[in-house]
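Here is a walk through one chain, from the overall layout down to single side chains. Keep the structure open and follow along.

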Amino acid sequence: MSRDNNEYPNSIQHNENITLGNSTTLVQDTQEDLYRTLFEMLPAGVLYYDASGHLLAANPAAQRIPGLSLDQLRNHNTPFLLCDKEGRILREEEWPLNRVLAGETLQDATAIDVIIRGPEQQERYMNVSGQPLYAPDGQ
């Protein structure tokens, strides 16, 4: 006669009781963690906005852009001027974020060079690209 010395006699039963819903949740959580890790590892600064222009996320590279505070970006309260590469101040409708929110894709040949001019006239040159992300219903 043999005796079962398993310290966890319910372990097999427990594994059999995992439902598809829990397995799906585990897979979704794993994918979410993977996407978050990839987002944080990107070498380029990435800012993610909702359709109203509210900043939802910024990866570490974006947070290291000197002189740009995430709070200022969130509140659209920046002491900076956006200029084109010739130094002409951009109107609000010309700002890269506003163009993307209007449905325009800025990438490759349509990416734009901007100069961010600070209050002490310091300048930062940036190449900005972006594109809208659409929900399955096209919104």
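## Overall layout

The chain has five helices and five strands. Going along the sequence, they come in the order α-α-β-β-α-α-β-α-β-β. Bear in mind while looking around that this is a predicted model.

The chain has 139 residues, and 22% of them count as buried. Its accessible surface is about 10,700 Å², with 52% of that belonging to carbon and sulfur atoms. As for contacts in the chain with a separation of 6 or more, 38% are between residues 24 or more positions apart.

## The β1-β2 hairpin

Start with strands β1 (residues 47-49) and β2 (residues 55-58), which pair in the antiparallel sense over three bridges. To find the register, pick Leu-47: its bridge partner in β2 is Ala-58. The two strands make a hairpin with five residues between them. In the turn sits Gly-53, with a positive phi of about 90°.

## β3, β4 and β5

Now move to β4, which spans residues 112-117. Strand β3 (residues 81-84) pairs with β4 in the antiparallel sense, over four bridges, and Leu-82 stands opposite Ile-116 in β4. β4 is also joined to β5 by six bridges, and these two run antiparallel as well. Here Ile-112 has Val-128 of β5 as its bridge partner.

β4 and β5 form a hairpin too, with five residues between them. The residue to look at in that turn is Gln-121, which has a positive phi of about 70°. How enclosed is β4 by the rest of the structure? Largely so, because five of its six residues are buried.

## Arg-117, a buried arginine

Arg-117 is in strand β4. Is this arginine buried or exposed? Its relative accessibility is 15%, and the cut-off for buried is under 20%, so Arg-117 counts as buried.

What does the side chain of Arg-117 meet there? It makes a polar contact of 2.9 Å with the side chain of Glu-123. Setting aside residues up to four places away in sequence, Arg-117 touches Pro-79, Phe-80, Leu-81, Cys-83, Gly-87, Gln-122 and Glu-123. Of these, Leu-81 and Cys-83 fall within the stretch of β3 (residues 81-84).

## Salt bridges

How many salt bridges does the structure hold? There are six. Asp-84, Arg-88, Arg-91, Glu-93 and Glu-94 are linked in a network of them. Within it, the side chains of Arg-88 and Asp-84 meet at 3.2 Å, N to O. The two ends of that bridge differ in cover: Asp-84 counts as buried at 14% relative accessibility, whereas Arg-88 is partly exposed with a relative accessible area of 40%.

Another bridge pairs Arg-91 with Glu-93, at 2.6 Å from N to O. Arg-91 is partly exposed, with a relative accessible area of 47%. Then there is Glu-104, which forms a salt bridge with Arg-99, the closest N and O atoms being 2.6 Å apart. Glu-104 counts as partly exposed, at 31% relative accessibility.

## Out on the surface

Which residues make a nonpolar surface patch of about 330 Å²? They are Leu-34, Tyr-35 and Leu-38. Leu-34 is found in helix α2, which covers residues 20-41, and it counts as partly exposed at 48% relative accessibility.

Asp-108 is worth a click as well. It lies in the loop between α5 (96-101) and β4 and has a positive phi near 50°, in a residue other than glycine. With 71% relative accessibility, Asp-108 counts as exposed.

## The segment after β5

Finally, go past β5 (123-128) to Leu-133, in the segment that follows. At 60% relative accessibility, Leu-133 counts as exposed. Leaving aside neighbours within four places in sequence, Leu-133 is in contact with Tyr-48 and Gln-139. Tyr-48 takes us back to β1, which runs over residues 47-49. The C-alpha atoms of Leu-133 and Ala-51 are separated by 9.2 Å, though the two residues are 82 residues apart along the chain.

Notes
Residues are numbered from 1 along each chain as its sequence is written. This is a predicted model: local features need pLDDT of at least 70, side-chain atom pairs count only at pLDDT 80 or more; totals for chains, interfaces and linings use all residues. Side-chain values use heavy atoms; hydrogens and water are left out. Buried means under 20% relative accessible area, exposed over 50%, partly exposed in between (1.4 Å probe, protein chains only). Contact means heavy atoms within 4.5 Å. Accessible areas come from the Shrake-Rupley method with a 1.4 Å probe; for residues, only the protein chains shown count as cover. A polar contact is a pair of N or O atoms within 3.5 Å; within protein, one must be able to donate a hydrogen and the other to accept it, and residues adjacent in sequence count only if both atoms are side-chain atoms. Two strands pair if DSSP finds at least two bridges between them. Patches are made of residues with over 30% relative accessible area and no salt bridge: like charges are joined within 9 Å, nonpolar side chains (Val, Leu, Ile, Met, Phe, Trp, Tyr) within 5 Å. A salt bridge is a side-chain nitrogen of Lys or Arg within 4 Å of a carboxyl oxygen of Asp or Glu.
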